[in-house]
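Student: I have a sequence and a model in front of me, and I would like to learn how the words used for it are justified. Could we go through some of them together?

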Amino acid sequence: MSAFTDSIRLGAAQLTARRMYVIAMVLVPLLTTAFFLSLMHSGLPLRTPVGIVDKDISPSSRSVTRMLNAEEVLDIRYHYDSFEEAMASVRRGESFGFFLIPENFERDAVAGKNPSLSLFTNMSFFVPGTLSFKGFKTGAVLTSGGLAQTKLTAIGLTDRATQALLQPVVVDSHPIGNPWLNYNYYLTNSFMPALLQLMILLVTIYSITVEIKHGTSVRWIQTAGGSVTRALAGKLLPQLAVWLLTGMAMLAMMFGFGHFPLNCSIWLIAGAMALMIVASQALGVFIACALPNPRLALSVAALTGILTFSVAAFSYPVPSMYGAIGIFSYILPVRYYFLIYGAQALNGLPVYYSRFYFAALTAFPFVCGCLAWRLKRACLKPVYVP
């Protein structure tokens with residue numbers, strides 16, 4: 001017990017010895033969370049700056065312009081005289097797309113010649129490009145429907161018959177889980193835990209491998225009475241206390257100040273966050289045991305943390321991935337946390353449906369400790385390879 005207490009004191013002393021730990025464990029996660037919450041407080045990026053090229057200058061073309069500007073995702077900020085001028089503006093990054101109304105648009109529409117409306121979006125910027133495409137497409141469809149309705153009414157059809165021809169099937173949409181279509185509820189609750197996992201991996205690996213780098217690993221193991229398990233526990237428990245405070249503060253910012261939907265007990269999500277933190281520490285220990293070299297271990301941790309944003313299936317489903325890539329999603333603790341968040345907080349399902357996710361997070365410390373003997377051998381005979 002004395003060796004365990006001394007090991008904890010040594011781990012706590014390491015945390016207070018360098019300002020870097022406070023920055024990495026507290027400031028970076030909390031400031032990034034605050035940044036994301038303020039960036040997407042409206043829930044969806046609105047009023048994408050775009051332009052329009054009106055070569056017709058008619059009442060119909062001006063009506064199309066007003067209709068496009070009424071779209072909540074579009075801001076018709078620029079009016080161009082030619083296609084070349086509009087394309088140059090897009091290339092300079094002033095606008096994210098433009099809508100082209102051809103010459104004689106009104107005359108051809110009245111004559112039934114089916115004029116073409118063209119839209120151009122800059123998909124180099126995915127979100128504003130997608131939003132401008134959506135707004136342009138909606139405007140084009142509504143314009144086409146309006147012209148068709150005018151023609152059908154002119155030949156004597158009633159409004160009801162015209163509506164049946166233009167829209168024979170009415171779609172009643174009910175988005176499940178996030179009916180507000182709020183990006184903040186989805187992106188922040190995926191990016192922030194992924195960032196927290198990355199920081200946990202980096203801090204855990206650095207705090208372990210720095211002992212080998214500075215040649216203090218022998219003293220570290222001896223302080224713990226020769227037990228690498230006791231040494232790891234003494235080092236990681238003070239860090240765990242700080243990580244838990246940081247994780248709970250992030251949840252308070254999202255569910256308290258951000259008013260994220262919570263269809264379950266907050267203690268359930270807090271427990272999932274605590275398990276994810278412990279599992280991330282265990283994964284960091286596993287990497288440090290497999291590669292007891294600061295440079296290699298930190299490189300692997302950085303690569304793992306960055307790939308988390310795509311491999312953990314935040315934006316692409318695992319069943320559609322290549323098998324050799326999708327299998328890596330199961331070794332990332334944050335994936336199980338996000339599945340718990342989706343099932344519990346968003347959909348309000350019974351805990352029974354998330355039992356495997358909780359079990360997976362609980363299994364990480366037991367599975368990742370299988371290489372502790374390798375770390376002990378490297379610590380007792382430290383060899384640092386820069």
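Student: What makes Ile-57 count as exposed?

Tutor: This is a predicted model, and in it Ile-57 has a relative accessible area of 57%. Exposed means over 50%, so Ile-57 belongs in that class. You will find Ile-57 in the loop between strand S1 (48-54) and helix H3 (59-69). Its backbone deserves a look too: Ile-57 has a positive phi of about 50°, although it is not a glycine.

Student: Which other residue that is not a glycine has a positive phi, of about 55°?

Tutor: That is His-259, which sits in the loop between H10 and H11.

Student: How do you know whether His-259 is buried or exposed?

Tutor: Take its relative accessible area, 58%, and set it against the cut-off of over 50%. The value passes, so His-259 is exposed.

Student: Why is Met-321 called buried?

Tutor: Here the cut-off is under 20%. Met-321 has 14% relative accessibility, so it counts as buried. Met-321 is in the loop between H12 and helix H13 (323-326). From its C-alpha to that of Val-311 is 8.7 Å, with their positions 10 residues apart in sequence.

Student: What about Asn-178, and which class does its accessibility give?

Tutor: Asn-178 is at 15% relative accessibility, and buried means under 20%, so Asn-178 counts as buried. Its place is in the loop between helix H7 (159-166) and H8. Asn-178 and Phe-125 are 53 residues apart along the chain, and 24 Å separates their C-alpha atoms.

Student: How much of the chain is buried?

Tutor: Of the 386 residues in the protein chain, 44% are buried.

Student: What makes a group of residues a nonpolar core?

Tutor: The members must be buried residues of certain nonpolar types, joined through side-chain atoms within 4.5 Å. The largest such core here has 52 residues. Those that touch the most other members are Leu-196, Trp-243, Leu-251, Phe-255, Ile-277 and Tyr-341. Two or more residues come from each of helix H2 (19-39), helix H8 (183-214), helix H10 (228-257), helix H11 (266-290), helix H14 (333-346) and helix H15 (355-368). H8 has the largest share, with 10 residues.

Student: Which residues does Ile-277 touch?

Tutor: Leaving out residues up to four places away in sequence, Ile-277 touches Leu-196, Ile-200, Leu-240, Trp-243, Leu-244 and Gly-247. Apart from this core lies another, of 23 residues, including Leu-201, Ile-221, Leu-236 and Ala-288. As a general point, nonpolar side chains tend to be buried together in soluble globular proteins.

Student: What makes the lining of the largest pocket mainly one class of residue?

Tutor: Count by class: 17 nonpolar, two polar and no charged residues. The 19 lining residues include Leu-283, Thr-304, Phe-328, Ile-331 and Leu-332, which lie nearest the centre. H11, helix H12 (294-311) and H15 each give two or more residues to this lining, and H12 gives the most, with six. The space in this pocket is about 440 Å³.

Student: How is the second largest pocket lined?

Tutor: Its volume is about 350 Å³. It is lined by 14 residues, and Leu-232, Ala-233, Leu-236, Val-285 and Pro-365 are the closest to its centre. The elements giving two or more residues are H10, H11 and H15, with the largest share, six residues, coming from H10. By class there are 11 nonpolar, three polar and no charged residues.

Student: Why is the chain called more spread out than a compact globule?

Tutor: The protein chain has 16 helices and four strands. Its radius of gyration is 29 Å, and the globule rule gives 21 Å for 386 residues; the value is well over that, so the chain is more spread out than a compact globule. Along its principal axes, the C-alpha trace spans about 95 × 45 × 40 Å.

Student: What share of contacts joins residues at least 24 apart in sequence?

Tutor: Among contacts between residues at least 6 apart in sequence, that share is 76%.

Note on methods: Residues are numbered from 1 along each chain as its sequence is written. This is a predicted model: local features need pLDDT of at least 70, side-chain atom pairs count only at pLDDT 80 or more; totals for chains, interfaces and linings use all residues. Side-chain values use heavy atoms; hydrogens and water are left out. Buried means under 20% relative accessible area, exposed over 50%, partly exposed in between (1.4 Å probe, protein chains only). Contact means heavy atoms within 4.5 Å. On a 1 Å grid over the protein atoms alone, a cavity is a set of points where a 1.4 Å probe fits but cannot get out, and a pocket is an open set with protein on both sides within 12 Å along at least five of seven lines; lining residues have an atom within 4 Å of a point. Grid points are joined across faces, edges and corners, and a volume is the space filled by probe spheres set on the points. Ala, Val, Leu, Ile, Met, Phe, Trp, Tyr, Cys and Pro count as nonpolar, Asp, Glu, Lys and Arg as charged, and the others, Gly among them, as polar. The radius of gyration is taken over C-alpha atoms; the globule rule is 2.2 Å times the number of residues to the power 0.38.
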